[in-house]
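Me: I would like to go through this structure step by step. Please keep each answer short and end on the value or name I ask for.

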Amino acid sequence: MKNTLNLKFFGVMALAGAGLILAGCKSAPELTPAQALTLIQAKYDATPATGYNIVVDDQGMGEGVVAKYWLGMKRYPNGYWADFKLTPEGAKLVKLPGGGDVFQWHPDKPKDPVYSVTLTTVAPHALKAHDVVDIQDEVLPDTSTAKGASFTESVNLDGMPDALSGIAHNPGNKLSAKKHADFVLDGDNWKLKSIK
């Protein structure tokens, strides 16, 4: 009789323990690509937009002259060095890294494929997120439930004049990059933890 009571007691305790474990193991809600994208884009939208660095190669130099963003001031005896001055229109669109409005074009050789200058857009440009893929469970410090996802981050050039946008699309400019986002469960909702 005593053994039967002990067996029943342990059986009830085992069932109660299993119930508590199952109650504590509530599954996390799904994190869809659309939800992840919304969280990432909300972060970008809340971050102040900044100027975008544009690498200007030999082709871009010519396009800038045609668009009247800069004018040649001085040509050097070797025939391929020159100094350029930003026009008033160019100064409204870009700034030089060292300030001022004159920059030097001093490549190692004519049509040098690696020589370039870097200009920064005056108008701020925000970032856009798209193509969220590979949402997977992750282990992150200080959290029990986390997920990670890969996505593409792109510079939003909306509103940039066509000629400057064309220069920005020339080789040497990186308009998009693959990024990774980490998400943590906050109550019943997913929250963006970091982007790297």
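Reply: A definition comes first: rings of Phe, Tyr and Trp (its six-membered ring) pair if their centres lie within 6.5 Å. In this model, which is predicted, ring pairs link a cluster made up of Tyr69, Trp70, Phe84 and Phe103.

Me: How many aromatic pairs does a search of the whole structure find?

Reply: The search covers the whole structure, and its count of aromatic pairs is 6. Tyr44 and Phe151 form an aromatic pair, with 6.4 Å centre to centre and 55° between the planes. Planes under 30 degrees apart count as stacked and over 60 as edge-to-face. The Tyr44 and Phe151 pair is tilted, and the count for the whole structure is 6.

Me: How many residues apart are Tyr44 and Phe151?

Reply: Tyr44 lies in helix α2 and Phe151 in strand β8. The pair therefore links distant parts of the chain, and buried means under 20% relative accessible area. Tyr44 counts as buried at 8% relative accessibility, and Phe151 is buried at 1%. Along the chain, the distance between Tyr44 and Phe151 is 107 residues.

Me: What span should helix α2 have, at 1.5 Å a residue?

Reply: Helix α2 holds 14 residues, 33-46. Its end C-alpha atoms are 20 Å apart, which agrees with the expected span of 20 Å.

Me: Which strands do the buried residues of α2 pack against?

Reply: The buried residues of α2 are Ala36, Ile40, Gln41 and Tyr44. They cover an arc of only 125° around the axis, which puts them on the same side of α2. The face turned away from that buried side carries the exposed residues Thr38, Asp45 and Ala46. The buried residues pack against β7, β8, β9 and β10.

Me: Which elements give two or more residues to the largest nonpolar core?

Reply: The largest nonpolar core has 23 residues, and those with the most contacts inside it are Ile54, Val56, Met61, Trp70, Phe103 and Leu164. The elements that give two or more residues to this core are β1, β3, β5, β6 and α5.

Me: How many residues are in the second, separate core?

Reply: Among the residues of this second core are Ala36, Ala149, Ala181 and Trp190. The core is separate, and its number of residues is 12.

Me: Which residues of α3 are buried?

Reply: The cover over the buried residues of α3 includes β1, β2, β3, β5, β6 and α5. The buried residues themselves are Gly60, Met61 and Gly64. They cover an arc of only 105° around the axis, which puts them on the same side of α3: Gly60, Met61 and Gly64.

Me: Is Val66 buried or exposed?

Reply: Val66 has its place in helix α3, residues 58-66. The C-alpha atoms of Val66 and Ala163 are separated by 8.9 Å, although these residues are 97 apart along the chain. The cut-off for exposed is over 50% relative accessible area. Val66 has a relative accessible area of 69%, so Val66 is exposed.

Me: What percentage of the residues in the protein chain is buried?

Reply: The protein chain comes to 5 helices and 10 strands. Its accessible surface is about 12,300 Å², of which 59% belongs to carbon and sulfur atoms. Of the 196 residues in the chain, the buried share is 32%.

Terms used:
Residues are numbered from 1 along each chain as its sequence is written. This is a predicted model: local features need pLDDT of at least 70, side-chain atom pairs count only at pLDDT 80 or more; totals for chains, interfaces and linings use all residues. Side-chain values use heavy atoms; hydrogens and water are left out. Helices (H or I, at least four residues) and strands (E, at least two) are DSSP runs, numbered from the N terminus. The expected span of a helix is 1.5 Å times one less than its number of residues. Buried means under 20% relative accessible area, exposed over 50%, partly exposed in between (1.4 Å probe, protein chains only). The arc is that of the directions from the helix axis to the C-beta atoms. Contact means heavy atoms within 4.5 Å. Accessible areas come from the Shrake-Rupley method with a 1.4 Å probe; for residues, only the protein chains shown count as cover. A nonpolar core is a set of buried Ala, Val, Leu, Ile, Met, Phe, Trp, Tyr and Cys residues joined through side-chain atoms within 4.5 Å.
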